[in-house]
Every structure is written in C-alpha cells, then in structure tokens.
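Here's a quick tour of how some helices pack and what sits inside the fold. Have the structure open as you read.

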Amino acid sequence: MIIYCKILAEKDGFIMADIYENLKNYIKEATLNAFNNEEYVKNIVVEIPRDAKIADYSTNIAMRLAKDLKQNPFDIANKIVDELNKIVKGVESIEVARPGFINFKMKKSALGNIINEIISKGDDFGRNNSGNGLKIIYEYVSANPTGDLHLGHARGAAWGDSVTRLLNFSGYDCLREYYINDAGNQINMLGDSIIARYFELFNRGNEYKLPEDGYHAQDIIEVAKIIKEKDGDKWLNSDADERKKYFKETGKNLKLEQIKKDLEFFRCDFDSWIHETFFYENNNKRINDCLKVMKEKNLTYEKDGAIWFKTSDYGDDKDRVLVKTDGSLTYLTPDIANHVYKLERGYTKLVNLWGADHHGYVARMKIALTALGYPKDCLEVDLEQLVRLVNNGEEVKMSKRTGNAVSLRELCEEVGVDAARYLFVCHALGEHMDFDIGLAKKKTNDNPVYYAQYAYARSQSVLEKGKEWKMCENYELLVDQKEVDLLKTLNDFTDVVIDASSTRMPNKICVYIQRLAQYFHSYYGSCKINDETNKDLTNERLCLVKAVSIVMKNALNLLGVSAPKTM
C-alpha cells in the first residue's frame, strides 16, 4: 500500500522547509483520529525511499500498527488516508497500494522553498533545539600526561570533538571535559623515567636505571633535555625526595602542555580540565566525603584491613576494593568522586568516551552512581575500538622519526588535519578500523574527504562565475530529477543533525556529506548551471548551488573539517 501525496507550495499550508515535521504531524493527527491511541503515534519515522520514482517520502506506520491492531496494514493505511484527506492541505491526490508503506509524492517545484531558508540562515542552517538545553558533560581523550597522543587518542579526539559540536549545535548544554590522571603510580613512574634519562645525559646512567616498566619513548628524553638546559646538573646530587617531586611535577606539566598544543592543532577545544589531584586536596576531602556517604548507605565493609565496595549486591561478579590495606586508593575511588563532582555541578547526563579495554569498568562506575542514589541512566559510556595504521595495505607500527608509535601530530603532519579527522570519524566508533595513510593523501575521488571538499570548492567556482543571482519567491523551474535529489537531500540536513547528535554518531554526518557530494557532482556534470539563454533558470540554479555550498560547509564544520574555496 502506497500513499502518493502531491503537495502544493507553501501558500497552501505546507512549509517545505519542514517537510519531515509536517508529514509527521499530519500522520500523527490522522492516526489519532483513526485509532484514538497515543501509543500508536510514538516515534513516527519518515524516510526517503531508495527509488525516487515510487515516492519522495515514506513512512511504515501502517505496518508497525498491524500487530497491535490485528488488522491488515492495507486496511490500516486506508483508514489513515481517509483522515489525511480531511486535514492535509495542498494534496492533489492520494493513492493506496500494497503491501504496507505510506509514501508521499511531492510536487517538485514546491521542494525549492528550502533554498531560501538555507541562504537566510547561512551558518546556522541545521541548528536546532532538539536537545532542549539538557546539561551534558562529555569526557573524552583524557590521556595520561605521560607521553604523546597516539592513534587511539586521535580517534577519540576527532570523534569526541565532533560529538560535542553536534550536541551544542542541537541545543544541548554540553561541557567538553578532559580528566587528567595526574596521580598514582603512572606519575611516579614518569618521574623515575625522566630522572633516568636526565642522568644519562650526563653519562651517569648507571647511577639511576630506567625502570623496565617505565616510559621509554623519545619524548621522555626530550623532557630530560629541557630540564638539563634549564637547571644544568643541579639535580644530580640533590635530595632524592625533592628531586623526585620536581621531576614528577615538571614532567607532568610539560607533557600536559604538549597534549594541549596537539589537541589545539587537531582543532579540539576543551571547556574544562579536571585534575585527579584535585580530589586529593585538603587531605582527600572529596574522596573521603564519598567514602563517608557510601559507609552511611551501608555500601562498604572492612576486610583484611581494606575497605570494600559491595558491588556484587548490584550484579558485579565480585566486590571491589576502594582502599587498600596500606591505605592507598584504588583507581575506582577517586573516579567515583570525580563522577559525583560532575553531578554536583548540575549536569544531569554524563557521557564518557573510553577505550574498549574499559568495557568491564563501565558497569562498576554505573553501579557506584546508582548505589549512591543517582538516576540509573545518568551515566553513559561510548567505547572506542582499536586503530591499525596502514599504508596502501601494509601495516605501519613505528614512527619513522622516533622509532616509537606514530603520534597524533606526526600523522597530521603526514596527511593533514582534515583527512585525519574525517577518516577517523567516518568509521563507527565500535568497529576496529584501519587508517590508510595512502588513501588519506590521495587527491582523487577515492578519498572521501577530498571528494567532499572538492564538491564545496566546485560550488564556489560555480558561484564565482555566476555572481549575479538573487533569491526567488519560488523555484518552479528546478524540476530536473537531479535537482529534486539535491533539494530532498538539503531538506534532510536538520533531521540528520538531530539524529547524529541524539545517538552521538557523527559518522552519520559523513554518510550525509558523501550523499550530498555525490548528488552535486552528478548534477554539475549533467546540467548546465550558467545558461545565458535562460537567465531565470540560471538564477534558480545558482541559488540551489549556494544552498548546497552552505549545507556542505556546515556539515564539514560539525566534523571540524575545513571547507576550502579552491583545491
């Protein structure tokens, strides 16, 4: 069953810039009138069918209701159509066909009304309030300040930054946060590693051995050189405790400064940097406050001189230690305090982007917040799978420059920030991915970021040649099927943004960008845009190209990718 609806222009009551919303509202009203049940009109979906000859827009509501109503979807559709005929303005005809889809056929010329909205809104086209001001803290990257950012960090940075751009563009109140793990054994090991390298610079490496499980990368040597240049041999014969403290703090601060520079280079901005050491201030006050509340709620017990968290009461396979027998804290303890602090700041939704190796840790953190009385769904965690670096199919494990793992900065210097960000984001986060250096450097349509940016540059070239254009009251001459495809795709943008932001999946923007680029390249190749013999058609087509350029730029910007005017 197919319902064909030919919709007239805006003056007939159908605002084309809101096609999806209008169709959903009409379907909702018609379905309520037919069956009088609010449960039946939740999550109405309107899509574009693959075959444009069948229809322009489609909904499967009749088939979804067949089970609940215990009726044939064809009969359900007829009842919905009867109600649609009463309320939808501008419908020329409605035709019902089997087996169970409701498809809407639009009047081609009416689709053009989206153009003026796009041009008028410019950089704000696609911006929406679907988030309704929901306060979210999105924590991502959060690499230890013990070394350079590498491929996994780069993937998380590109993904996380794109998600936060989407959230803020969609009306969420999103805070971008970096949690700095600057306490614990890894920082002690950092200090020891730098001291060892420092002693080596004075040919006294035998006096302070590099720990086997220390940090062996080239960047640690560079930190030692900075300290040597600044302080000379001051620390060779200094008090051991004073030296350890100085090297720990100096090394941590230098590595964090480098991380911040690399993230800025990668176009990643953070609103908040929270240090783990913050929770140890004032004799561990925030941590002790959490432990006190947990004790009062009977969530902990003492055994063998340690304090345990009763996580097994909440489905964990065993209880977890919070305070060890020697009085030191496990990683879980300050992390609980950190998440409580997020909620205390008034954020109702916490989202963390963690590596897939943290899979087992997710449940523990959710248990902690639930046990403390916070809403069960206040924390969500997105897990990032591993990245393998390849060059034309061959795996690349080591940096040519340092002999260590390839860093974020080195990768970007090799392929460019645009290519790196786009290729990291275009793969779903939960999938293992191969990052192909050869593909990233290609200046051909095989490279998806080049293909997209070239579409934008091509639109700019067209507009440069046809500078004389002005917005029209209507766009009745844009009836070529390739123009219709472009118009429907442009109209999709806001809904794609809403979907990508609500699911935190910026790869959906990549899919959209490729579709828009494909339709535009095809249109450019088959239709004469600047036609001196037909100025009216030329003007309408130039407006269409202008709309395409705006949407392409906005979409790329949501991924932190530039839109170059020339290539």
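## Two helices crossing

In this predicted model, helix H5 (residues 151-169) packs against helix H16 (residues 481-503) at an angle of about 120 degrees, and their axes are 9 Å apart. That angle is why H5 counts as oblique to H16. The crossing of H5 past H16 is left-handed.

Which residues make the contact? On the H5 side they are Leu166, Leu167 and Phe169, and on the H16 side Val497, Ala500 and Ser501. Sorted by class, the contact of H5 with H16 has 5 nonpolar residues, 1 polar residue and no charged ones.

## The nonpolar cores

Now for the inside. The largest nonpolar core has 121 residues, and the members that touch the most others are Ile115, Phe266, Leu411, Phe424 and Phe435. Helix H18 (residues 535-558) is the top contributor to this core, giving 12 residues.

Phe435 is a good one to click on. Leaving out residues up to four places away in sequence, Phe435 touches Val387, Arg388, Leu389, Val390, Leu411, Val415, Ala419, Ala420, Leu423, Phe424 and Ala440. Apart from the largest core lies another, of 34 residues, including Phe279, Met294, Val362 and Met365.

## A covered helix

How many residues of helix H13 (residues 417-425) are buried? The count is 9 of 9, so to speak of H13 as mostly covered is fair. Among the buried residues of H13 are Asp418, Arg421 and Tyr422. Ala419, Ala420, Leu423 and Phe424 are buried in H13 too, and Phe435 touches these four.

Terms used: Residues numbered from 1 in each chain as written. Predicted model: local features only at pLDDT ≥ 70, side-chain atom pairs only at ≥ 80, totals over all residues. Heavy atoms only, no water. Axes fitted to C-alpha atoms, helices over the stretch in contact; angles between N-to-C directions. Helix = DSSP H or I, 4+ residues; strand = E, 2+ residues; numbered from the N terminus. Parallel < 35°, antiparallel > 145°, perpendicular 65-115°, else oblique. Left-handed = near helix turned anticlockwise from the far one by under 90°. Contact = heavy atoms within 4.5 Å. Nonpolar A, V, L, I, M, F, W, Y, C, P; charged D, E, K, R; others polar. Core = buried A, V, L, I, M, F, W, Y, C linked by side-chain atoms within 4.5 Å. Buried < 20%, exposed > 50% of the residue type's maximum accessible area, 1.4 Å probe, protein only.
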